[in-house]
Amino acid sequence: MPTPTMAGQSRRADQQVQGRSATGRYTYRAGSPARTSSNANAGHAKLVHALGVHRQLLSHAASSIRTLTSARNELIAQAVEDGISIATIAAVIRENARSVRTIALAYDDLHLSGVPRKQQLEALKAKNDALKEAERHRDVILERREALISIALRTQACDELELASLTGLTPDHIRRSSRSVGRPA
């Protein structure tokens, strides 16, 4: 016959299996079968690593885009200061004239550079092309990150809050992403 203490211990053990601690409070993922299998842990570790790598790649891409944008904007301002028309600059970099004018007005105290017009336009086009390539590279990384997020949500390897911390996104963004992902039943 079970003693009263043994009966109490078996209830506590049942509660812990159900995700409850001995105090009766919920224990986060206490009995989650996905976390207990080594295969799932390996998949989780791979996803965490891939998301970390993509976060770092995005950081590098954003830094290079900022640097290229700054250099291109300086070239635009210098070209305007040297007398190249805003319409010509806008045509070379495929931007509207208003944006070019706004960029040019942001720089003060520029002096004539003495660089030939053709050379300035070539440098401006090259810098603008490098910027566009960096933006395309960033977009590819973003697409890959979204694919990793969708895999993590679909396989339930990570929850929304963990994904938010791994990606640097808000939990709200992850929730919006999870609405479009079909989860297994």
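What follows is a conversation about how some labels were assigned in this predicted model.

Colleague: Let's start with charges. Why is the pair Lys132 and Glu135 called a salt bridge?

Modeller: The closest N and O atoms of Lys132 and Glu135 are 4.0 Å apart. The cut-off is a Lys or Arg side-chain nitrogen within 4 Å of a carboxyl oxygen of Asp or Glu, so the pair counts. The two residues also belong to a network of salt bridges with Arg72 and Glu95.

Colleague: What separates Lys132 and Glu135 along helix H6?

Modeller: They are 3 residues apart in H6, which runs over residues 117–155, and so about one helical turn lies between them.

Colleague: And why are those two called partly exposed rather than buried?

Modeller: Lys132 has a relative accessible area of 24%, and Glu135 comes to 23%. Buried means under 20% and exposed over 50%, so both values fall in between.

Colleague: How do you know that Glu133 and Arg136 form a salt bridge as well?

Modeller: Their N to O distance is 2.8 Å, which is within the 4 Å cut-off and therefore qualifies. Glu133 and Arg136 are also 3 residues apart in helix H6, about one helical turn. Glu133 is partly exposed at 44%, and Arg136 is partly exposed at 47%.

Colleague: Which parts of the chain does the salt bridge of Arg175 and Glu160 link?

Modeller: The side chains of Arg175 and Glu160 meet at 3.5 Å, N to O. This pair links distant parts of the chain, with Arg175 in helix H8 (residues 171–180) and Glu160 in helix H7 (residues 160–167), 15 residues apart. Arg175 is partly exposed at 35%, as is Glu160 at 21%. How many salt bridges are there in the whole structure? The search finds 10.

Colleague: H8 also holds Arg179. What makes Arg179 exposed?

Modeller: Its relative accessible area is 66%. Exposed means over 50%, so Arg179 earns the label. The C-alpha atoms of Arg179 and Ser150 are separated by 10.0 Å, with their positions 29 residues apart along the chain.

Colleague: Now the interior. Which residues have the most contacts inside the largest nonpolar core?

Modeller: They are Leu51, Ile149, Cys158, Leu163 and Ile174, in a core of 14 residues. Helix H3 (38–81), H6 and H7 each give two or more residues to this core, and H6 gives the most, with 4. Apart from it lies another core of 10 residues, among them Ile76, Ala79, Ile103 and Leu124.

Colleague: Is there a general reason to look for such groupings?

Modeller: Nonpolar side chains tend to be buried together in soluble globular proteins.

Colleague: What does Ile174 touch, leaving aside its neighbours within four places in sequence?

Modeller: Ile174 is in contact with Ile149, Leu153, Glu160, Leu163, Ala164, Thr167 and Leu169.

Colleague: Finally, why is H6 called roughly antiparallel to H7?

Modeller: The two helices pack at an angle of about 155°, their axes 11 Å apart. Angles over 145 degrees count as roughly antiparallel, so the label follows.

Colleague: Which residues meet where H6 and H7 pack, and what is the handedness of the crossing?

Modeller: Arg145, Ile149, Ala152 and Leu153 in H6 meet Glu160, Leu163 and Thr167 in H7. The crossing of H6 past H7 is right-handed.

Conventions: Residues numbered from 1 in each chain as written. Predicted model: local features only at pLDDT ≥ 70, side-chain atom pairs only at ≥ 80, totals over all residues. Heavy atoms only, no water. Buried < 20%, exposed > 50% of the residue type's maximum accessible area, 1.4 Å probe, protein only. Core = buried A, V, L, I, M, F, W, Y, C linked by side-chain atoms within 4.5 Å. Contact = heavy atoms within 4.5 Å. Axes fitted to C-alpha atoms, helices over the stretch in contact; angles between N-to-C directions. Left-handed = near helix turned anticlockwise from the far one by under 90°.
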